[in-house]
Each structure stands twice: as structure tokens, then as C-alpha cells.
Amino acid sequence: MQLQSAAVPARMYTAGGDMGNFRSHRDLGDRPEVQGNETTGITATDVIVVGTGSAALSAAVMAARGGADVVMLEVADKIGGTSWRSSGGYWIPNNRNQRERGVSMDRDATLKHMAVLGYPDRFDENAPLLGLTQREYDLIAEFFDIAPKVIDEYEAEGILKSTQMDYPGRDDGMPHYYNSGYDATNGTVLGARVEEFAESVASNPSAEAMRQLGGRQGDGADMVGQLAAAAERLGVQIVLETRVTGVIQDADGAAIGVTASTPDGPVRIGARQGVVFGTGGFSHNPVHAKAYLRGPIVGSCSVGTAQGDFIDIALEAGAELGNMREAWWTELPVELAKTMSETPELMGFIPGASSIIVNASGERVVNEKSMYNERGKAHFVADENGELPNKYLFLVYDDAVAGDELVWPSRWPIPPAGVREDYVIVGDTLEELAANIEARLTKLGAEVENFELRSDFLDGLKATLALYAEFAQGGVDRDFGRGNDSNQWYSEPLRPGAKNNCLAAFREEGPYYAMVLGAATLDTKGGPVTDTSGRVLRPSGEPIPGLYGAGNCIASPAGEAYWGGGSTLGPALVLGYMAGKNVAQEPRRTAAAQAAA
Ligand SMILES: Cc1cc2nc3c(=O)[nH]c(=O)nc-3n(C[C@H](O)[C@H](O)[C@H](O)COP(=O)(O)OP(=O)(O)OC[C@H]3O[C@@H](n4cnc5c(N)ncnc54)[C@H](O)[C@@H]3O)c2cc1C
């Protein structure tokens with residue numbers, strides 16, 4: 001297609017606008033309205049940053065601090081992407097709050113924690129690079145080394161004020177998601193610090209629950225709001241409704257601009273020093289999702305504009321792709337996912353002690369208290385024929401869970417006590433519940449690929465519940481180790497006297513409840529491979545000059561892991577920082593002036 005040179009209509013976002021709108025982040029409609037509608041003729045700048053999520057904003061702030069003129073291009077009509085919607089926790093090992101508590105995370109142990117979870121098939125604790133490639137090792141080592149410095153610098157410069165994510169009853173912050181056997185230091189998760197916390201929370205149920213439980217941290221909207229305000233102070237221009245479609249390269253392959261589509265037609269914009277992508281993952285691109293992911297997904301809670309544009313753009317520019325099978329996994333109720341293109345919430349931790357996940361034979365298949373990344377992966381376990389018997393699983397719980405009025409930080413999608421939702425299947429007895437699940441699957445038909453319960457489902461479920469009651473009585477889940485360490489207590493109000501805080505026998509009397517679950521994503525995390533400077537690499541390992549990436553649009557340094565709470569936003573902020581800092585040191589390429597022609 002012949003693209004014409006055109007002035008970009010700069011629908012400027014003013015971060016200092018209505019701060020009251022930085023609150024209700026799950027409902028993206030509540031993001032700040034665009035301030036003004038002026039048109040400026042942007043034909044070239046020093047640095048173009050694509051996207052306006054955490055990675056992009058971090059990069060834009062750093063590029064501007066490095067002296068570059070920066071323009072951010074965002075396809076949506078609001079800023080923030082999935083970062084806005086998120087709970088806003090960022091994983092920063094050895095952060096200031098930990099250090100103030102006298103905690104020092106051991107570098108060697110933490111790198112092993114990151115490597116064993118990220119690359120379990122290749123991990124070798126005795127190998128110099130722990131079984132990773134040099135690039136993979138360098139990325140996790142660099143992240144460990146600079147992450148606390150980045151956050152300290154952002155604090156000192158008033159760019160992003162952080163606080164330890166509080167967790168009820170724990171002065172040492174949130175516990176780790178895993179006990180990897182190497183490092184499990186609490187308090188790695190930070191969140192944006194808001195001085196008036198009570199005012200920072202509106203309709204976000206998780207943050208509201210945390211607040212009721214004593215938390216003080218803000219959420220993704222607060223994090224994005226602070227970064228956007230810093231970007232504005234530094235003179236960064238944000239142009240909305242502009243979808244970048246390609247990278248313009250000079251004769252040497254250096255990125256010197258972008259092509260983009262706008263409501264007023266296609267444009268070309270020059271970038272003298274380079275282009276940084278922070279465009280999120282590809283969860284909402286069904287072709288890429290089917291081609292690349294390790295298994296089928298039923299939906300995602302990422303923003304609908306996470307369509308993986310950078311995959312094709314980067315391939316066209318000569319990049320190598322990596323980590324394409326992986327996502328930040330979770331599960332979603334199939335029926336919700338079918339009716340909502342993007343779900344507003346993340347299915348975090350399964351609440352309650354009498355709540356289990358079973359397969360079509362009524363058997364448990366996973367530790368239900370394991371974190372979302374692991375529960376999501378459980379759907380992809382293949383049988384000897386390569387089929388996925390766990391593709392659809394069933395969350396089953398009793399009235400103790402359904403009727404509990406306690407707030408849980410991650411109750412969703414179990415409705416509040418007394419509220420009925422169509423996607424919840426109910427039965428007064430286990431027999432009735434099984435029959436109703438069967439009927440629901442029949443009704444869903446092709447939407448669940450005609451998935452059926454096996455004939456042994458009811459007997460299997462009864463046997464599972466009998467064994468589960470035995471586990472609860474003894475306090476030990478002999479099959480999956482549910483609740484055997486406090487890392488798994490995220491969603492649990494402490495039950496004094498219980499032998500195991502996460503185990504309780506189901507009630508003898510119904511009603512009982514169920515929902516059909518499928519694998520889903522927070523977003524994907526594969527894309528072009530990058531180095532520690534954030535530069536996009538060719539298959540040869542050479543960088544493509546001037547082309548950078550950070551966040552979910554690149555091959556994540558985390559591999560298949562979710563190292564701890566905040567493991568997506570921590571690297572997004574830190575690698576965004578690196579990309580922005582380094583792109584501002586690129587030479588100004590004169591060919592960029594012609595890129596818009
Ligand atoms: C409910 C919820 C809670 C979460 N909580 C946490 C948490 O506490 N901690 C954590 O670490 N993670 C959390 N996550 C995950 C986290 O939000 C994402 O992994 C993270 O925000 C991704 O950031 P990003 O900067 O890579 O991309 P995004 O924030 O998705 O930003 C990408 C931006 O690029 C734009 N874009 C895409 N394509 C183009 C294009 N071609 N041209 C121009 N613009 C484009 C998009 O519109 C979007 O604005 C949560 C997610 C959800 C949904």
C-alpha cells in the first residue's frame with residue numbers, strides 16, 4: 001500500500017487533567033478523557049514510543065530524560081493499556097522496603113529461583129549460566145541488578161512513588177507465589193504509593209478488598225497515572241487513535257520511523273534516534289494465539305488492542321522471535337469469556353477452603369491454591385494421544401464459599417454472597433449438580449467443542465470429596481500439597497484452629513455450585529528477542545539499530561515463569577527504563593527526515 005505523508009492529528013492527552021479519573025481502572029471507559037483536539041503536524045521526532053502501558057511510559061520517560069524529543073503513539077482512544085486495568089504490583093527484588101527491613105536477597109539464590117521457574121526443562125544449578133543461554137542469563141541477572149536502582153531513581157525523581165504491597169497480617173509484605181527451593185523472600189512486590197488511599201479506589205473489587213483488609217497501595221491506574229504525569233512534565237506528546245503498522249528502515253536496516261493508521265488516514269513519521277515498542281501481547285489475535293501458544297485459550301483479561309502487531313512488524317524488520325509459546329496464564333469461566341471479548345478481572349486465587357477444581361471424571365488435577373500461572377498451564381496437560389483432557393475443568397464449591405460474606409482479594413468470578421450469575425451452575429445435591437453441568441455443556445455445544453462429562457463424573461466427584469474431607473481432617477493434602485505453606489494462603493482469611501488453612505470438607509448438604517473453566521491469559525509474553533539494552537535482535541544476534549522493545553510485546557526474560565506477584569510489571573518497567581535510556585543515546589540519523597516523505 002502506498003502510504004502518504006500526513007500530519008498526525010495530535011489528540012493530546014494531558015496527564016495533569018482530571019486526576020479523579022485515575023480511579024476506576026477495571027472499567028476502561030473511566031480512563032481520562034482526551035484533553036483538547038488540536039492538530040499539530042508531527043512529521044519527525046527523536047524517539048517514537050509505541051503504546052502507552054507501563055513499559056512504553058517507562059521508556060518514554062527515560063528517553064525524554066535523556067534529552068530526546070518523544071512522541072508516544074497509542075491505538076486506543078485512552079492511555080494505559082492492560083497496565084491501567086491491572087492491580088499494579090511490580091516485582092522488584094531487593095527493593096528499598098526490603099532493605100529497610102534488613103532483608104538482603106541473595107543474588108545467586110534469586111537468579112536460581114528465576115531460572116528454575118522460567119526454564120525448568122533446561123535448568124542446571126551447577127552450570128555457570130544455570131542452563132540458560134548467555135542472553136537469557138544476562139537478562140535475568142541485569143534485571144536483578146538494576147531493578148531496585150530503577151525504582152529508587154523513579155522515587156527520587158518523583159516519577160513513580162512506590163510502597164510495599166501490604167498483605168493482611170504480614171508486616172513483611174506479600175509472600176512469594178512459590179517456594180522454589182532457592183529464594184522465597186517476602187516483600188518483593190511494590191505498588192504505586194498514594195497518599196490518600198481511600199480516595200484512590202472506586203469500583204475495583206480486588207483493590208477495594210485489599211483496602212478493607214488494611215492495604216495502602218494504589219493499583220495500575222495509579223501507577224500509569226504517575227508515569228503519565230511524569231511524561232507530560234518532560235514534554236512527551238501522546239497521540240491517541242494511532243495504530244503503528246510498520247517500521248521504516250534506512251539502507252542499513254536502522255529504524256528511522258514508523259507507518260501508522262489514524263482516523264484521518266495513513267501516516268509516516270520519522271524517528272531520528274529510534275522506535276521503542278511497548279504494545280502488549282497478542283492474546284486478542286486469534287491467528288497468532290493459535291499458531292504460537294502452547295495451548296488453546298478461551299479468553300484474556302488484557303485490553304482488546306493487545307493484538308500482537310509487533311510480531312509481524314518485527315519479523316518484517318528482520319527480528320528473531322522467542323518465548324512465543326508462553327503467556328501469563330490464568331483461567332476464565334468459559335461462558336464469561338464467550339460473552340466478553342476482554343474480561344475485566346483476572347482469575348487470581350481460588351477462594352475458600354471447600355472449593356476444588358476437577359476434570360470430566362470428577363478428579364482433582366491441580367493444587368487449587370497454586371497461583372494462576374500454574375492453574376492455567378494445567379489445562380494443557382496432554383494425554384498419550386496428544387489430546388487435552390483438561391481443556392475444560394470445573395470449579396466446584398459449596399455454600400460455605402458461596403455464602404461467605406468475607407471480602408477476599410480474589411473472590412472473582414465467584415459472585416458476592418447472595419448474587420446469582422448465569423455462568424454459575426447450581427444443584428441442591430451432587431447428583432443434581434452433575435446433571436446440571438452435563439446439561440450446561442450440552443447447551444454450550446460447539447462453544448466447548450461438544451465437550452462432555454465422562455460417565456464416571458458423579459462417582460468420581462463423590463470419591464474426590466470423600467478423600468478431600470479426609471485430607472481436611474488430617475490437615476494434609478496428600479495429592480497436591482494444597483495449603484502446605486503460607487505462600488498458598490493468598491485468598492484465605494485465616495481460620496484459627498484449622499489444621500490446614502486451605503482445606504475444609506464440603507458441607508453434607510447442598511446447594512453446590514460449579515463453573516466451567518478454560519485456560520486464559522493476562523496477556524502473552526512472546527515476541528522479538530532483545531538484549532539487556534532493550535535492543536531488538538536479528539537471528540544472528542546483531543541488534544537492529546534503533547529498534548527497541550519492552551513489556552509483553554517482547555520475548556519475556558521470565559520464560560514460562562511468574563517469579564512472584566508483579567512479575568509482569570516489574571520487568572516491563574525496568575526493561576522499559578533500559579530501552580528508553582539507551583534509545584536516547586542513539587545517534588540522530590539524518591535519513592529520518594525523509595522517512596515521512
Ligand atoms: C486485572 C488485571 C490485574 C493485573 N495485575 C497485575 C499485577 O498486579 N502485577 C503485574 O505484574 N501484572 C498484572 N497484570 C498484568 C499486567 O497488567 C500486564 O502484563 C502489563 O500491564 C503489560 O504491560 P505492557 O506495557 O507490556 O502492555 P499494555 O499495558 O497492555 O500496553 C500496551 C499498549 O499498546 C497499545 N498498542 C497495541 N498495539 C498498538 C499499535 N500497533 N500501535 C499503537 N499502540 C498499540 C495498546 O492499546 C496498549 O495501550 C494484571 C492484568 C490484569 C488484566
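Is helix α4 largely enclosed by the rest of the structure or left open, and how many of its 12 residues are buried? In this predicted model, 9 of those 12 residues are buried, so α4 is largely enclosed by the rest of the structure.

Let's stay with that helix for a moment. α4 runs over residues 107-118 and covers 16 Å between its first and last C-alpha, close to the 16 Å expected at 1.5 Å a residue. Its buried residues are A109, T110, L111, K112, H113, M114, A115, L117 and G118, and they pack against β3 (90-91) and α5 (134-156). At the start of the helix, D106 sends a side-chain oxygen to within 3.3 Å of the backbone nitrogen of D108.

Now for the nonpolar interior. The largest nonpolar core counts 73 residues, and V70, Y90, M223 and W563 are the ones with the most contacts inside it. α5 gives the most to this core, with 10 residues. There's also a second, separate core of 51 residues, with L444, V448, F451 and F457 among them.

Y90 turns up again in the surroundings of S162. That serine sits in strand β4 (residues 162-164), and with a relative accessible area of 3%, under the 20% cut-off, S162 is buried. Its side chain and that of Y90 are joined by a polar contact of 2.7 Å. Setting aside neighbours within four places in sequence, S162 also touches R96, I151, E155, L190, G191 and R193, besides Y90.

That leaves the ligand. It is surrounded by 38 residues, the closest being E74, S83, T305, D309 and T568. On the protein side, α1 (54-65), α2 (81-85) and β7 (243-249) each bring at least two residues to the shell, and α2 gives the most, with 4 residues. Several backbone atoms come up to ligand oxygens, as the table shows.

| Residue | Protein atom | Distance to a ligand oxygen |
|---|---|---|
| S54 | backbone N or O | 3.2 Å |
| G81 | polar backbone atom | 3.3 Å |
| G88 | backbone N or O | 3.3 Å |

How much of the ligand does the protein bury? Taken alone, the ligand exposes 1,000 Å², and the protein buries 98% of that.

Notes:
Residues numbered from 1 in each chain as written. Predicted model: local features only at pLDDT ≥ 70, side-chain atom pairs only at ≥ 80, totals over all residues. Heavy atoms only, no water. Expected span 1.5 Å × (residues − 1). Buried < 20%, exposed > 50% of the residue type's maximum accessible area, 1.4 Å probe, protein only. Contact = heavy atoms within 4.5 Å. Polar contact = N/O pair within 3.5 Å; in protein donor to acceptor, adjacent residues only side chain to side chain. Core = buried A, V, L, I, M, F, W, Y, C linked by side-chain atoms within 4.5 Å. Near = heavy atom within 4 Å. Areas by Shrake-Rupley, 256 points an atom, 1.4 Å probe, with all protein chains shown as cover.
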